[in-house]
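Got the model open? Here's a quick briefing on one sheet and the helices packed around it.

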Amino acid sequence: MAAEPRDLLRRMFDAAIAAAQPALCLPAHLPEPPKGRLIVIGAGKASAAMARAVEDNWPGPLSGLVITRYGYAVPCGRIRIVEAAHPVPDAAGLDATGGILDLVRGLTADDLVLCLVSGGGSALLTQPFDGLTLEDKQAVNRGLLAFGATISEMNCVRRHLSAVKGGRLAAACAPARVVTLLISDVPGDNPMDIASGPTVADPTTCADALAIVRRYGITVPAAVLEVLESGRGESIDPGDPRLAVAETRIVATPQMALEAAAAVAREAGYPVHILGDAIEGEARDVGRAMAGMALQVARRGQPFTAPCVLLSGGETTVTLRGAGRGGRNVEFLLSLGVALDGCPGVHALAGDTDGVDGVEEIAGAYLGPDSLARAWKLGLRPKESLAANDGHGFFERLGDGIVTGPTLTNVNDFRAILITGSR
């Protein structure tokens with residue numbers, strides 16, 4: 001166990017990201033070539049890298065268009081790559097989505113549509129429902145983000161305000177066969193929630209979406225209320241014949257990434273306990289809960305004995321109350337640090353596997369037993385930074401932010417707590 005804690009945690013994070021790289025995990029899931037044409041479409045932070053993996057491994061002709069986040073493009077020869085905004089959609093995503101719909105019109109039963117979907121696709125694949133505008137959808141997205149709605153709740157609302165989500169994209173491809181390859185970034189790996197399920201039937205209703213809007217007290221445009229209250233925005237129901245030849249294949253998941261990280265820790269001699277790959281809730285609440293567990297391990301040897309590593313994934317949320325820069329992973333980590341209060345022998349790393357925590361081009365941060373002491377020497381007040389939702393500012397001042405650049409994949413949050421014990 002000679003590895004430095006910070007170095008070991010970073011190698012674990014890198015291994016989690018590497019395990020979900022499309023070049024590694026996608027080729028085995030490619031379908032057989034069709035009698036007719038292959039059209040490749042898709043959206044998400046990993047979609048360009050997925051498109052490149054398809055091009056590198058497909059034996060015949062193909063063409064297509066995918067949408068990815070700004071900075072996440074990968075050179076492709078036959079598939080057009082368009083960059084657009086995330087997490088709030090923009091005109092580039094709107095135009096590119098129109099291009100995808102143009103590509104899938106007029107297909108036959110002999111054709112195959114290969115849809116590449118990953119986290120971030122909800123914002124990137126954007127086509128407002130009839131009677132709505134891009135500005136309407138932007139307003140709803142901002143409201144849901146600011147009030148801390150869960151990813152499942154956000155996607156339920158999105159599906160009922162979209163012309164492409166909730167199975168509508170697959171319906172537009174009929175009668176062609178549709179195979180969707182998914183990189184999951186959502187708790188539970190439900191295809192309906194990955195990029196709001198553009199090729200998956202949706203059992204939720206406009207009434208469900210309206211209840212979410214009202215639950216959080218979000219002010220939405222009148223046109224949005226009309227679509228939800230009237231039921232006009234109902235998505236594609238299970239059993240719809242247009243989706244009879246549509247199938248989904250999940251090629252990478254958060255659990256796979258955690259297992260890869262666990263292997264690195266075990267090789268370094270640390271027992272590993274994976275606490276869950278689908279943990280949700282307010283980031284600061286999860287941080288306090290994880291701190292309680294880490295303290296019990298460090299001080300009491302329960303429920304696990306030190307040394308060990310506690311791993312978890314999922315997607316927490318941040319309800320913005322302060323003027324800070326947000327970021328659910330750094331908020332988790334700062335809350336964890338405040339609750340640990342400098343407990344010796346406890347180190348942690350939290351980051352988003354897509355390389356972007358919140359809206360910052362920073363993946364996450366590292367927390368050590370001395371982080372709070374160093375912060376106080378710099379004049380920082382950890383509890384005030386947490387109250388202001390300024391985890392990024394806090395860890396940036398300490399020099400402990402983690403910057404990966406575009407990772408070209410996305411299997412959600414990564415959290416590792418290393419408890420060294422007395423060794």
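What follows covers the sheet, then a helix lying across it, then a second helix and the contact between the two.

Keep in mind that this is a predicted model. The sheet is open, with six strands in mixed pairing, and helix α13 lies across four of them: β8, β9, β10 and β12. Helix α16 packs against α13 and is mostly covered.

**The sheet**
- Reading across, the strand order is β7-β8-β12-β9-β10-β11.
- The edges are β7 (272-282) and β11 (401-402), each pairing on one side only.
- β7 and β8 (residues 308-317) run parallel and are joined by eight bridges.
- Within that pairing, G281 sits opposite T316 of β8.

**Helix α13 on the sheet**
- α13 spans residues 328-340 and runs at about 165 degrees to β9 (346-352).

**Helix α16**
- Six of the eight residues in α16 (residues 391-398) are buried, namely G391, H392, G393, F394, F395 and L398.
- The cover over those buried residues includes α13, β10, α14 (371-377), α15 (382-387) and the edge strand β11.
- Right after the helix, G399 adopts a positive phi of about 75 degrees.

**Where α13 meets α16**
- The two helices pack at about 70 degrees, and their axes are 8 Å apart.
- That angle falls in the 65 to 115 range, so α13 counts as roughly perpendicular to α16.
- On the α13 side, V330, L333 and L334 touch G391, H392, F394 and F395 of α16.
- By class, that contact has five nonpolar residues, two polar ones and no charged ones.

Definitions and conventions:
Residues are numbered from 1 along each chain as its sequence is written. This is a predicted model: local features need pLDDT of at least 70, side-chain atom pairs count only at pLDDT 80 or more; totals for chains, interfaces and linings use all residues. Side-chain values use heavy atoms; hydrogens and water are left out. Two strands pair if DSSP finds at least two bridges between them. Helices (H or I, at least four residues) and strands (E, at least two) are DSSP runs, numbered from the N terminus. Contact means heavy atoms within 4.5 Å. Axes are lines fitted to C-alpha atoms, for helices over the stretch in contact, and angles run from 0 to 180 degrees between N-to-C directions. Buried means under 20% relative accessible area, exposed over 50%, partly exposed in between (1.4 Å probe, protein chains only). Angles under 35 degrees count as roughly parallel, over 145 as roughly antiparallel, 65 to 115 as roughly perpendicular and the rest as oblique. Ala, Val, Leu, Ile, Met, Phe, Trp, Tyr, Cys and Pro count as nonpolar, Asp, Glu, Lys and Arg as charged, and the others, Gly among them, as polar.
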